[in-house]
Amino acid sequence: MRKLMKLTLSILCAVLLLFGFKTWCEHLEKQSVAAKPTAGKQKKLTIYNWGDYIDPSIIKSFQKDTGYQVDYETFDSNEAMYTKIKQGGTHYDLAVPSDYMVQKMRQEHLLKPLDHQKLTGFKNYDQRFLNEPFDPHNRYSVPYFWGTLGIVYNDLYVKPGSIKSWNDLWNPKYKQQIMLIDSARDIMGMTLASMGKSVNTTDEPSLAAARGKLITLMPNVKAIVADEIKTYMAQNEAALAVDYSGDAAEMLDQNKHLHYVVPNDGGNIWFDNLVIPKTVKNEQAAYAFINYMSRPDIAAKNAEYVGYATPNKQAKARLPKHITQDRAWYPDQKTLNRLEPYENLGPNLTERYNDYFLEFKMSN
Amino acid sequence: MRKQNTNAFTVLYYAWIILFVILPVLLLLFESFKNINGQFTLGNYRSFFESGTYLRMTFNSVFFAIVVTLITLLISYPMAFIMSRLKHAQFWLLLVILPTWVNLLLKAYAFIGLFAKQGTVNDFLTFIGIGPQQLMFTNTAFITVAAYIEIPFMIMPIFNSLVEIDQSLINAARDLGATQAQTMRKVVIPLSMNGVRAGIQAVFIPTLSLFMITRLIGGNRVITLGTAIEEHFLVTQNWGMGATIGIVLIVAMVITMYLTRDRKQGGK
């Protein structure tokens, strides 16, 4: 009994000590923040963005130029961000949801409409990337970056230029060579595109046909994985992969043999967008930041750092030619016209997509 | 006075059990009767038992869990037995427990390095002339990694039950003329059955719903119910169906506990 008491006491002591340490650390952190010259309650801007999705020097220059102090928080999935904003208790002034999530948040009244009078840089954007179905007339959002879903191939195993269409994946010579991203919407969407259908298909016969076609891809599938796909492809583990352009850019940086293709028979184009959530505290600062990010020089700088495609026409003109002329990152107009953003399909169809994808996974 | 004191203490434990064990299970059960629009229905259970996909997945989960449990048992029992006879038994036990201090994800990634196309194992196979094999994303890889992860949880209870056996019982058996094999069969194994049962429960039940490894090592070529639960809660947000699968798993676990229960005490 004595021993037990002693043990309990020492654990309690350790907890207290750690807790004290934590409070002390927080205190230090606050002090260092308060020490900054620009600090002040009215001057704070809270941004909720994806991890590693902005050039840190831009935040610094924004703080210097405007006097606002930026509090930058990150999330790793649309759903996580959505839950946090919906449940309240947060005070984000800006968030960066993807297309279908903008639609969902807009329908659930979680976003504040934008006052286009206050957007000074809106004319810099390419018309092609505005007025998308997920947010008609950009009432709630300004595009931040865009990208595609495509095929990564390794030129050690695949002849360059031989991959043009989604249907090339079904070629029997790629037996057990393809890695797929573990996402029902993307893989079903890519199959629908290969059949010449929309990635937002809702009619049952087309979906059932896509399921059937997808199952015939199984012999070629090596694995269905998530983020690990980048490591595997960089290690030459598989010849082909279906993945987003953002992930592809990371892989290509690590392995010279990898190339990225946007198939010419349609597919998905995605957008991440700046929005002002209902939880906004400092609207003025939010507009200041959106306008700052719309500036051609800043958007170009950011695009070079992040490596994704910018929807800002003026900024694109300032980027080096070898980036903007690369078809992989900026597909030609014809390919681009066939790409569609995802629409929010509602719970029942999302379920259908997932059930079919699960059946595909089970089919080996 | 004393009795009241203990009562006051037990209230705390009851509250704990109600809050963190019974209520969550009830909530799960409640959720499993709701469809995607929040109405009450038996539909989730119907679609579970009418769908070949889910039934095959259940079969897969149970099958892999049984195989993994068997393999760990076959490796662990002799190992625990030898360890319990060694001089520095606690030191060896520490070595067995050591890998559990490393995060599960890190261990999985280490195996990726071993099993990859240009990984250590394939380098060795090439060196001895067999040539590289496809190791990742196979059933064998999945079973190996799952067994590796679960082995400490099988060895620990068996080791403890073996150490607890009174040495004089074994001596008595030998004195009375039992051979080594007979002593093993009639004395040691029956007395260590409690440890074996605890080990089987500790391995079988988590393996049943393992899901990270199915994706990382199995490349989703190995599908268990854990995968389906993850998908329903995170992607489809059909919590009803996810909860239904959760209930099915709980039932499977209760069956396991029942089958591996201590029968002697049950018979009294």
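Entry 1. Before turning to helix pairs, I note that axes are lines fitted to C-alpha atoms, for helices over the stretch in contact, and that angles between N-to-C directions run from 0 to 180 degrees. I also record that the model I am reading is predicted.

Entry 2: helices H4 and H7 of chain B. I looked up how helix H4 (residues 89-97) of chain B lies against H7(B), and found that their axes come within 9 Å and cross at roughly 155°. An angle over 145 degrees counts as roughly antiparallel, and H4(B) and H7(B) are therefore roughly antiparallel to each other. I noted the hand of this crossing as left-handed. I then asked which residues of H4(B) meet H7(B). On the H4(B) side I listed Ala89(B), Gln90(B), Leu93(B), Val96(B) and Ile97(B). Their partners in H7(B) are Pro152(B), Ile155(B), Met156(B) and Phe159(B). By type, I recorded 8 nonpolar residues, 1 polar and no charged in the contact of H4(B) with H7(B).

Entry 3: helices H3 and H7 of chain B. I next took helix H3 (residues 52-85) of chain B with helix H7 (residues 139-164) of chain B, whose axes are 6 Å apart at a packing angle of about 40°. H3(B) and H7(B) are therefore oblique to each other. I found that H3(B) passes H7(B) in a right-handed crossing. The residues of this contact of H3(B) with H7(B) comprise 22 nonpolar, 5 polar and 1 charged.

Entry 4: chain B as a whole. I counted 13 helices and 0 strands in chain B. Read from the N terminus, the elements of chain B are accordingly listed as α throughout. I noted that a box of roughly 75 × 70 × 35 Å, taken along the principal axes, is filled by the C-alpha atoms of chain B.

Entry 5: the contact of chain A with chain B. The size of an interface is often given as the accessible area lost when the parts come together. For chain A and chain B I recorded a buried area of about 2700 Å², with 48% of it on carbon and sulfur atoms. I asked which three residues of chain A supply more than any other three of the area that chain A buries against chain B. They are Glu237(A), Leu358(A) and Met362(A), with 24% of that area. The contact takes 31 residues from chain A and 30 residues from chain B.

Entry 6: salt bridges. Between chain A and chain B I found a count of 2 salt bridges. I looked up a salt bridge between the side chains of Lys361(A) and Glu231(B), at 3.1 Å from N to O.

Key: Residues are numbered from 1 along each chain as its sequence is written. Chains are lettered from A and ligands numbered from 1 in the order in which they are written. This is a predicted model: local features need pLDDT of at least 70, side-chain atom pairs count only at pLDDT 80 or more; totals for chains, interfaces and linings use all residues. Side-chain values use heavy atoms; hydrogens and water are left out. Helices (H or I, at least four residues) and strands (E, at least two) are DSSP runs, numbered from the N terminus. Angles under 35 degrees count as roughly parallel, over 145 as roughly antiparallel, 65 to 115 as roughly perpendicular and the rest as oblique. A crossing is left-handed if the near helix is turned anticlockwise from the far one by less than a right angle, and right-handed if clockwise. Ala, Val, Leu, Ile, Met, Phe, Trp, Tyr, Cys and Pro count as nonpolar, Asp, Glu, Lys and Arg as charged, and the others, Gly among them, as polar. Contact means heavy atoms within 4.5 Å. Buried area is the accessible area (1.4 Å probe) that two parts lose on being put together, summed over both. A salt bridge is a side-chain nitrogen of Lys or Arg within 4 Å of a carboxyl oxygen of Asp or Glu.
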